[in-house]
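Good morning, colleagues. Please take a moment to look at the sequence and the model on the screen before I begin.

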Amino acid sequence: MTMLKLKRVERFSNKEKVLRELELKLFNSVKKNVSFEDNFGIAFSGGVDSSLLAFICKKLKLNFKVYTASINESEDLEWAKKVSSNLKLQHSTRVIDFDSSYEIIKNVCRLLKTDNPVQVGIGCTLYSVLEQAKNDKVEIMMTGLGSDSLFCGFNKHKKALENDKIEEQFLEGMDNVYDVDVKRDFTIASHFKVELALPYLEKEFMEFSKKIHPKLKINKVHNKIILRELAFKLGLKRDFAFRKKLAAQYGSGFDKAIEVLAKENMFKTKTEFLNSLLKK
């Protein structure tokens, strides 16, 4: 029933009008999530989602610091350093080796009560950032959660586009945002007693973004097109706005760490290794 209802909704396809509304609504969303009195962090990967949020927060002259956690010198860390340097942000980085990653993976696995490598890998990235930020007594962490679902940023959206099923995949993904992604991140944030600020999931912004025509979000070359164009229009460098970023678990290096530890411990799959951590 939900699918049928959403499919009848008008899709916004005028790019200039959409850009104007997106800008207004995203600035308003950021202001609704944090105030000028807050001292908060931004989970920062150097991708367009977090870079755009940091750019807007700086424009608004808010009091924040960006945080990046990485297994060794990962791709996300490299890009996060470039963007933070260009935007002159306060940037805290944490580099984790494979041996130290074991405890983080084990903790996240048990916290989330899952042996799903994707969920654990993503969870480890946020866990590491929050653990790092707690040292600065940060009580609010802003993240880009929801952007990939809203703006067709996942690889599954690309495959759906090729199969002419982008609308179906988009709607399915939106259904999963709260059941899977928000639940995962709030479980981890609760562990650290940190409040999450999620501007992309603020109601007014999210409801508007849902109605944007898929052709403004994804094509054969780029995903999240309209969001990237907004970032570039506002002043983010083109290289940063249109960076092709790996998913969090890959860009941070945690998926690789899980794979390496699984092999070192003589497990055939990452899932088997993670399952063994649940049993210990």
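I shall discuss the strands, then the cysteines, and finally a patch on the surface.

Please bear in mind throughout that this is a predicted model.

Let me begin with strand β2, residues 63–71. How does β2 pair with β3? The two strands run in the parallel sense, and six bridges join β2 to β3, which covers residues 91–96. Two positions help to fix the register: Thr68 lies opposite Thr93 of β3, and Ile71 lies opposite Ile96 of β3. The connection between these strands involves helix α4, residues 75–87, and together β2, α4 and β3 form a right-handed β-α-β unit.

Strand β2 also has a partner in β1, residues 39–43. This pairing is again in the parallel sense, with five bridges between β1 and β2. Here Ala43 stands across from Tyr67 of β2. With helix α3, residues 48–59, strands β1 and β2 build a right-handed β-α-β unit. Strand β2 thus takes part in pairings with β1 and with β3.

Is β2 enclosed or open to the surroundings? Of its nine residues, seven are buried, and β2 is therefore largely enclosed by the rest of the structure. As a general point, side chains in a regular strand alternate between the two faces of the sheet.

I turn now to the cysteines. How many disulfides does a search of the whole structure find? The search returns zero. By way of reminder, a disulfide is a covalent bond joining the sulfur atoms of two cysteines. Consider Cys109: the closest cysteine sulfur to its own belongs to Cys124, at 8.2 Å, and this is too far for a bond. The cut-off applied here is 2.5 Å between the sulfur atoms. Cys109 is also buried, because its relative accessibility is 0%. Cys57 likewise has a relative accessible area of 0% and is buried.

Finally, the surface. Which residues make the nonpolar patch of about 260 Å²? They are Val118, Leu246 and Tyr250. Leu246 sits in the loop that links α12, residues 238–241, to α13, residues 248–251. Its relative accessibility is 40%, so Leu246 is classed as partly exposed.

That concludes my presentation, and I thank you for your attention.

Note on methods. Residues are numbered from 1 along each chain as its sequence is written. This is a predicted model: local features need pLDDT of at least 70, side-chain atom pairs count only at pLDDT 80 or more; totals for chains, interfaces and linings use all residues. Side-chain values use heavy atoms; hydrogens and water are left out. Patches are made of residues with over 30% relative accessible area and no salt bridge: like charges are joined within 9 Å, nonpolar side chains (Val, Leu, Ile, Met, Phe, Trp, Tyr) within 5 Å. Accessible areas come from the Shrake-Rupley method with a 1.4 Å probe; for residues, only the protein chains shown count as cover. A salt bridge is a side-chain nitrogen of Lys or Arg within 4 Å of a carboxyl oxygen of Asp or Glu. Helices (H or I, at least four residues) and strands (E, at least two) are DSSP runs, numbered from the N terminus. Buried means under 20% relative accessible area, exposed over 50%, partly exposed in between (1.4 Å probe, protein chains only). Two strands pair if DSSP finds at least two bridges between them. A crossover is right-handed if, with the strands pointing away from the viewer, the path from the first strand over the helix to the second runs clockwise.
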